[in-house]
Amino acid sequence: DLRGRITYANPRLLAMLGRSEDEVLGRHVGEFYDRVSRRRLAGTLAGQKQPALAVEATLLRKDYEQLLVELSSSPVYDGHNRVVGHEAVITDITQRREAELELHRLKDQLERLLESSPTVIYSCKRGEPFGFSFVAPNVERLLGFEPAALIEEPSLFIRRIDSEDRGRVLAEIGEWKAETSLSVTYRVRRRDGSMRWIQDSRRLAGTDAEESELVIGSWQDVTSARVAEDSLREQEALFRAVVQNTHDIVTLMQPDGTVLYKSPSFKQVLGLDPSATIGRNHFDLIVPEDVPLMRQTVKDLLASPDRERTIEVRAPHQDGTIRTLETVVKVLPKESGLGAVFTTCRDITERKRAEEQRGLLEEQLAHQAYHDNLTGLPNRKLFMERLTDALSRFRSEQAGFAVLYLDIDRFKLINDS
């Protein structure tokens with residue numbers, strides 16, 4: 001009524017209050033609301049002229065539990081069009097409000113997630129690949145543009161695609177089949193003019209690819225990875241050029257000797273096509289006498305992979321000759337993903353032959369310096385050196401010695417003949 005006393009309450013309201021009809025009827029409506037809600041309801045109902053006025057309030061149950069309700073009230077008129085009371089519909093919106101709060105919390109969480117994510121999420125229509133309906137806020141960190149700019153002007157993003165990539169990107173997206181996902185990598189110019197590589201991934205949002213028109217996509221900044229790949233590709237090309245054009249034999253093999261790679265110079269040095277050695281055992285390609293040295297070297301370096309060792313081994317040439325190879329052996333670290341044995345071999349056959357010839361020549365010259373050319377007997381120079389050595393030993397060790405002098409009659413005759 002106009003005094004705020006409850007004159008009727010249906011069973012649903014009684015259940016919401018946790019009270020009986022006798023506990024409710026005749027009592028002031030404000031007794032069942034908290035203080036803030038009482039003030040709000042008193043001011044609203046006192047001046048209400050329009051029907052169906054909705055107010056949110058907190059309802060107090062008998063067990064002191066609070067319910068968030070929505071109260072929609074309307075004035076009640078008598079036959080003279082005078083307000084004689086109010087009727088109200090009270091709806092429990094506790095669960096709805098909790099769901100709204102949870103939804104708001106999830107929305108905030110999603111926004112924070114999108115903002116901190118390295119991946120930019122977007123959506124567009126299938127027939128308008130760059131007509132964005134949503135772009136995550138972290139796009140500003142990637143491209144320097146706010147989401148609204150990309151949404152309001154579809155051609156903006158297309159213009160930012162590098163001119164060398166634009167045609168390819170538009171063609172690949174235009175030819176995209178709905179039943180598969182799409183991934184395209186291309187360059188995009190940021191607002192500040194710098195260039196970034198991005199990986200654009202797209203898929204249809206619906207379960208039925210033929211019926212769905214909503215496309216969910218993502219942009220991933222892959223600039224660092226792309227730069228690293230380009231650098232690695234250049235290094236590989238440089239390494240390959242060096243290996244394929246060096247005169248030294250470059251070999252990559254497993255620790256058991258299985259050949260994984262031999263450079264083209266293998267044919268120049270040993271006359272065999274390097275492709276014919278792949279899968280064969282490296283130890284079978286050197287002379288048997290040098291196999292133990294090679295095996296032991298590999299075994300030692302496997303125990304100390306940070307070292308390298310230089311050895312000489314011999315290998316047969318296809319023409320039947322034996323070549324001497326100066327071989328540098330090193331074990332690649334397991335961190336490289338290979339754990340293999342790396343060797344470089346240089347043909348030093350001619351150098352070894354020259355050294356041997358030089359040694360023979362030096363021996364020959366030394367012999368000639370101390371021996372007579374005609375008889376081959378020791379000459380005066382060798383005699384004087386031996387005598388000097390004997391005298392030195394006599395002085396230091398008191399060791400005795402004797403000099404035997406032989407006179408051969410008519411020796412000049414022998415020399416002259």
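A residue counts as buried when its relative accessible area is under 20%. Keep that in mind as you look around this predicted model.

**Start with the whole chain.** Zoom out until everything fits on screen. Along the principal axes, the C-alpha atoms fill a box of roughly 180 × 60 × 40 Å. The radius of gyration is 50 Å, well over the 22 Å that the globule rule gives for 417 residues, so the chain is more spread out than a compact globule. Switch to cartoon view and you can pick out 13 helices and 13 strands.

**Now show the surface.** About 27100 Å² of the chain is exposed, with carbon and sulfur atoms supplying 53% of that. Of the 417 residues, 29% count as buried. Colour by charge next: there are 59 positive and 67 negative side chains, and the centres of the two sets lie 3 Å apart.

**Select residues 119-125.** This is strand β4. Is β4 largely enclosed by the rest of the structure, or largely open? Five of its seven residues are buried, so β4 is largely enclosed.

**Add residues 214-221.** Here you have strand β8, which pairs with β4 in the antiparallel sense over seven bridges. For one of the bridge partners, click Lys125 and then look across to Leu214 in β8.

**Add residues 128-135.** That's strand β5, running antiparallel to β4 and joined to it by four bridges. Click Cys124 and you'll find its bridge partner in β5, Phe132. To see how the chain gets from β4 to β5, follow the hairpin, which makes the link through two residues.

How values were computed: Residues numbered from 1 in each chain as written. Predicted model: local features only at pLDDT ≥ 70, side-chain atom pairs only at ≥ 80, totals over all residues. Heavy atoms only, no water. Buried < 20%, exposed > 50% of the residue type's maximum accessible area, 1.4 Å probe, protein only. Pairing = 2+ DSSP bridges. Rg over C-alpha atoms; globule rule 2.2 N^0.38 Å. Areas by Shrake-Rupley, 256 points an atom, 1.4 Å probe, with all protein chains shown as cover. Lys, Arg positive; Asp, Glu negative; His and termini not counted. Charge placed at Lys NZ, Arg CZ, Asp CG, Glu CD.
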